[in-house]
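I opened this notebook to keep track of what I looked up in one protein model. The entries are short and follow the order in which I looked.

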Amino acid sequence: MLGTLGAGGVMVAGGNLPLLAQSPRRTRAPRLRAGDVVGLVAPAGFLADRSELELAEDAMRAMGLEPRRAANILDRHGYLAGTDAARAAGINAMFVDPAVRLVFSVRGGWGSARILPLLDYAAIRRDPKVLVGFSDVTALHLALQSQGVGFPTIHGPNAAGSWPLSSWEPLRALLFDGATPTYGPPPAATDRLIDRAARVPVFGPGTAEGPLLGGNLTVLSALVGTPWLPDFTGAILFLEETNEAQYRIDRMLTQLGQAGILPRLAGVVFGQCTNCTDPGGYGNFTLFEVLEQHLAPLGIPAFQLPLFGHGGQQAILPVGARCRIDAGAGTIALLEPVVA
């Protein structure tokens, strides 16, 4: 494993849709500084109670940032944090506020895809700010890339997460220091012949370079056929999932293959699949078999690295940034900084 950071095996060295006829202009958000304002948004599910929001605000202050609430942050509309218009307005307001330098989703759930037509992508492009979040926030990450914002966003823990140092330290290095980390498997245990936790299943050998695109498999596959998926040609696809049986993983990967997404990729990294069990028992495919069936025939570097997903470990992955993967080493190395 390359790099110097030890914990968790992570190392640190509403507008009209534009016609993207050419590659978008590449920009970067400025580096964060202590005391910067972070906008807390709720693009999907509602917060269970105010204590969840207060937990997120305390986490932001512990990072040296000053939290600012979106207007809809404590709203509830069914299972959503307010109406579609209110949730979109909360995000748009944070991107146009010149005092806000970072936008953080408090939680996931469901609902981000509903507001994609209501976001002001032109305003978002004018003042680059990193968006952080994961799970349902995958829809926002992919939509921003599809609409040519020109800067990376962060697939990482939501603001109300537990924030172990193994997640916070790489985020600080990326956004405050402009680091370009390499992620890899945890060091092998020395008290056993073979350490399962450090083992990297490989479905295709080799190395590849390309923009890092992906997130939650369910959310991504639900965007197929919409204007909100970026071009995956030559990309490194990363995927994670939770609470899905193997046959559903199979079904969604089949969809990505038949939609022409998998054949265009330069490489694939599959992360955690938490609580992914098939109720059928003996006779069904395992997750390894499903991944092997879909990824091995692609003939590209592909492997599983359980450092990101819905489990305790959360690597900080910049969506849209160029990276290099090495299937044999089980590593993802960023080739460019996230911030200017």
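What follows is a set of entries on salt bridges, a strand, a helix, a disulfide, a pocket and a glycine.

**Entry 1: the kind of model**

I noted before anything else that this is a predicted model.

**Entry 2: salt bridges**

I looked up how many salt bridges there are, and the count comes to 13. I then went through some of them one at a time.

I began with Glu336, which forms a salt bridge with Arg28. Their closest N and O atoms are 2.5 Å apart. I checked where the two residues sit: Glu336 is in the segment after strand E15 (331-334), and Arg28 is in the loop between strand E1 (10-11) and strand E2 (37-41). The pair therefore ties together parts that are 308 residues apart in sequence. I also looked up the accessibility of Glu336, and at a relative accessible area of 14% this residue is buried.

Next I took the salt bridge between Arg87 and Asp84, where the closest N and O atoms are 3.0 Å apart. Both residues belong to helix H2 (residues 84-96), and they are three residues apart, so about one helical turn separates them. I wrote down the general rule beside this: an α-helix has 3.6 residues a turn, so residues three or four places apart point the same way. Arg87 is buried, with a relative accessible area of 0%. Asp84 has a relative accessibility of 19% and counts as buried. The cut-off for buried is under 20%.

I asked which residues are linked in a network with Asp84 and Arg87. Arg114 is linked with Asp84 and Arg87 in a network of salt bridges.

The next salt bridge I looked up joins the side chains of Asp127 and Lys129, at 3.7 Å from N to O. Are its two partners buried or partly exposed? Asp127 counts as partly exposed, at 21% relative accessibility. Lys129 is buried, at 0%.

**Entry 3: strand E15 and its neighbours**

I went back to strand E15 and looked at what covers its faces. Thr331 and Ala333 are buried on one side, and Ile332 and Leu334 are buried on the other, so both faces are covered.

I then looked for the strands that pair with E15. Strand E7 (residues 182-183) runs antiparallel to E15 and is joined to E15 by two bridges. Across from Ile332 in E15 I found Tyr183. Strand E14 (residues 322-326) also pairs with E15 in the antiparallel sense, over four bridges. Here Asp326 stands opposite Thr331.

I looked at how E14 leads into E15. The two strands form a hairpin, with four residues between them. Gly330 lies in the turn and has a positive phi of about 70°.

**Entry 4: helix H4**

I asked how many residues of helix H4 (residues 138-146) are buried. Nine of the nine are, so H4 is largely enclosed by the rest of the structure. Among them are Thr138, His141, Gln145 and Ser146, along with Leu140, Leu142 and Leu144. Just after H4 I found Gly148, which takes a positive phi of about 70°.

**Entry 5: cysteines**

I looked up the disulfides, and a search of the whole structure finds one. Cys273 and Cys276 form this disulfide, with their sulfur atoms 2.2 Å apart. The angle about the S-S bond is -85°, and the link is left-handed. Both ends count as buried: Cys273 has a relative accessibility of 16%, and Cys276 has 12%. I also checked Cys323, which is buried at 0%.

**Entry 6: the second largest pocket**

I looked up the second largest pocket, which holds about 310 Å³ of space. Which residues line the second largest pocket? The lining includes Pro186, Pro201 and Pro306, as well as Arg196, Arg199 and Gln272. Ala197, Gln304, Leu307 and Gln313 are also part of the lining. By kind, I noted five nonpolar, three polar and two charged residues.

**Entry 7: Gly111**

My last look-up was Gly111, in the loop between strand E4 (100-105) and helix H3 (121-126). Gly111 is buried, with a relative accessible area of 0%. I compared its place with that of Pro157: the two are 46 residues apart in sequence, and their C-alpha atoms are 18 Å apart in space.

Note on methods. Residues are numbered from 1 along each chain as its sequence is written. This is a predicted model: local features need pLDDT of at least 70, side-chain atom pairs count only at pLDDT 80 or more; totals for chains, interfaces and linings use all residues. Side-chain values use heavy atoms; hydrogens and water are left out. A salt bridge is a side-chain nitrogen of Lys or Arg within 4 Å of a carboxyl oxygen of Asp or Glu. Buried means under 20% relative accessible area, exposed over 50%, partly exposed in between (1.4 Å probe, protein chains only). Two strands pair if DSSP finds at least two bridges between them. A disulfide is a pair of cysteine sulfur atoms within 2.5 Å. On a 1 Å grid over the protein atoms alone, a cavity is a set of points where a 1.4 Å probe fits but cannot get out, and a pocket is an open set with protein on both sides within 12 Å along at least five of seven lines; lining residues have an atom within 4 Å of a point. Grid points are joined across faces, edges and corners, and a volume is the space filled by probe spheres set on the points. Ala, Val, Leu, Ile, Met, Phe, Trp, Tyr, Cys and Pro count as nonpolar, Asp, Glu, Lys and Arg as charged, and the others, Gly among them, as polar.
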